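I opened a fresh page for this one. I want to look up the ligand site, a pocket and the strand pairing.

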Amino acid sequence: MTPPAITRTSTAEHYDAHVLKNYARAPLTLVRGRGAQVWDDAGNAYLDFTSGIAVSALGHCHPHWVAAIQRQAGELIHTSNLFRHPNQGELARRLVGYAGPGRVFFCNSGAEANEALLKLARLHGLKKAGEEGKCYKVICAQQAFHGRTFGGMSATPQEKIQKGFRPLVPGFAFGELNNLQSFADLVDDQTAAIFVETIQGEGGIHPCTPEFLLGLRQLCDRHNLLLMLDEVQCGIGRTGRFFAFEHAGVRADAIGMAKGLGGGFPIGAMWVGERCAELFQPGMHGTTFGGTPLACAAGLAVLDVLEREKLLARVQAQSPVWIDSLRRLAADFPAQVLGVRGLGYLVGLQMAADPAPFLAALRERGLLVPSAGGNVVRLLPPLTATADELARSVAIIRDALVAKA
Ligand SMILES: *Cc1c(COP(=O)(O)O)cnc(C)c1O
């Protein structure tokens with residue numbers, strides 16, 4: 001007996017009947033991708049500026065990346081972390097090259113990278129106080145997003161994310177982003193670390209100013225706190241630098257990465273600077289799947305393409321032109337678009353109202369983009385996007401605004 005064919009209706013029906021209802025999905029089934037384009041099951045093409053939420057850094061199915069995964073899949077996919085594999089060693093070496101002297105722990109997602117950072121903060125607090133449970137607090141930012149695990153969620157002061165899941169992990173306090181004094185006011189003897197996104201993504205594209213980041217660095221140095229930066233969304237080239245904090249010239253003690261690192265293959269990582277890289281000793285943390293030969297092959301292929309195709313320079317060159325045209329567009333529709341924020345290929349349009357109907361209008365015109373908190377339309381082109389594709393996104397947005405005006 002041949003199995004029944006998978007049809008458009010059956011996919012929608014299977015989702016309706018069998019997939020957990022934790023997402024309000026767009027009514028769209030995607031089946032194929034190439035570069036910045038994806039196709040749905042009716043054969044319609046879309047310009048994909050969702051990039052799987054800042055994940056598909058090289059666009060879809062970049063040939064070098066596909067070949068690297070295919071080659072590794074035929075050789076060795078998984079080993080566990082009980083043994084070494086060349087790919088994990090090599091990816092760690094190359095990430096240390098970007099982040100600075102230190103060590104890397106590999107996991108599978110942003111939330112897991114952040115869990116590792118929060119455990120690092122506890123170990124630092126233990127060393128500081130000399131006793132467990134005395135120094136464990138972490139100061140995060142209002143409107144932050146650090147993931148959906150209990151640690152990540154507890155560091156994420158948003159009602160829509162925490163509601164229904166309390167009690168949360170204790171020991172988090174929240175300062176106002178870009179208000180150094182509000183962070184300084186929260187520091188006490190029990191504080192172990194400060195943890196912020198260099199650019200808030202889910203919260204609505206709110207960048208830390210360079211002065212704020214440098215101020216946090218001084219605050220951390222003064223009180224022996226770790227400065228931990230969540231670069232899960234803004235890292236891996238998205239802003240035109242490998243890490244977004246490089247724009248400020250600040251140095252972190254630890255960094256969380258994921259999303260773009262695997263270019264679509266799940267991988268996350270925590271980098272820890274030399275100063276506290278020895279806090280983790282054998283047995284203190286682990287993961288079955290983290291840093292598999294296959295995941296690290298994907299990560300290495302992303303770095304290869306980033307370097308060979310000079311994607312950082314390309315983002316730096318193309319982004320100001322694109323953002324300028326978005327600003328001009330916003331100025332033409334002041335009642336609908338209140339402003340444009342962001343850096344590189346991490347850009348938000350501040351809309352006057354709930355962007356959901358506008359996202360649908362963009363989708364109908366062939367542009368896929370996600371929203372972000374506070375009525376923001378988020379634009380996340382792949383780092384490989386061409387000037388023509390960037391210009392096309394502006395034309396589609398203009399068309400949708402004209403239709404709405
Ligand atoms: C997406 C995101 C996370 C969570 O990553 P997952 O892979 O979904 O667990 C954490 N922090 C930031 C800044 C993110 O954008």
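My entries follow in the order I looked things up.

**Entry 1: the model.** I am working from a predicted model.

**Entry 2: the ligand shell.** I started with a simple query: which residues surround the ligand? I listed Ser 109, Gly 110, Ala 111, Asn 114, Phe 145, His 146, Gly 147, Glu 197, Asp 230, Val 232, Gln 233 and Lys 259. I sorted this shell by residue class and got three nonpolar, six polar and three charged. Next I asked which helix gives the most to the shell. I found helix H5, residues 110-129, with three residues.

**Entry 3: polar contacts to the ligand.** I then looked at single atom pairs. A polar side-chain atom of Lys 259 sits 2.6 Å from an oxygen atom of the ligand. Asp 230 also uses its side chain: one of its polar atoms is 2.8 Å from a ligand nitrogen. For Phe 145 I noted a backbone contact, with a polar atom 3.4 Å from a nitrogen of the ligand. I also checked how much of the ligand is covered. On its own the ligand exposes 380 Å², and the protein buries 81% of this area.

**Entry 4: the second largest pocket.** I moved on to the pockets and took the second largest. I noted a volume of about 940 Å³ for this pocket. Its lining runs to 32 residues. I wanted to know which of them lie nearest the centre. They are Asn 81, Gln 88, Val 104, Phe 105 and Phe 106. By class, I split the lining into 14 nonpolar, 15 polar and three charged residues. Helix H4 (86-99), strand S4 (102-107) and strand S12 (268-273) each give at least two residues to the lining. S4 supplies the largest share, four residues.

**Entry 5: the mixed sheet.** I turned to the strands. I traced an open sheet of four strands in the order S1-S2-S3-S15, with mixed pairing. Strand S1 (30-34) and strand S15 (367-368) are its edge strands, and each pairs on one side only. I followed the pairs inward. Strand S2 (residues 37-40) is joined to S3 by three bridges and runs antiparallel to S3. Val 38 has Tyr 46 in S3 as its bridge partner. S2 and S3 make a hairpin with four residues between them. In that turn I marked Gly 43, which has a positive phi of about 90°. On to S15: parallel or antiparallel to S3? Strand S3 (residues 45-48) and S15 run parallel, joined by two bridges. I wrote down Leu 47 with Leu 367 as its bridge partner in S15. Asp 48 stands opposite Leu 368 in S15.

**Entry 6: the antiparallel sheet.** I found another open sheet of four strands, in the order S13-S14-S17-S16, with antiparallel pairing. S13 and strand S16 (371-372) stand at the edges with a single partner strand each, so one side of each has no neighbour in the sheet. I looked closely at one pair here. Six bridges join strand S13 (residues 337-343) to strand S14 (residues 346-351) in the antiparallel sense. I placed Val 337 opposite Met 351 in S14. I placed Arg 341 opposite Gly 348 in S14. This pair forms a hairpin with two residues between the strands. Gly 344 takes a positive phi near 60° in that hairpin.

Technical notes
Residues numbered from 1 in each chain as written. Predicted model: local features only at pLDDT ≥ 70, side-chain atom pairs only at ≥ 80, totals over all residues. Heavy atoms only, no water. Near = heavy atom within 4 Å. Polar contact = N/O pair within 3.5 Å; in protein donor to acceptor, adjacent residues only side chain to side chain. Areas by Shrake-Rupley, 256 points an atom, 1.4 Å probe, with all protein chains shown as cover. Nonpolar A, V, L, I, M, F, W, Y, C, P; charged D, E, K, R; others polar. 1 Å grid on protein atoms, 1.4 Å probe; cavity = no way out; pocket = protein on both sides within 12 Å on 5 of 7 lines; lining within 4 Å. Points joined across faces, edges and corners; volume = space filled by probe spheres on them. Pairing = 2+ DSSP bridges.
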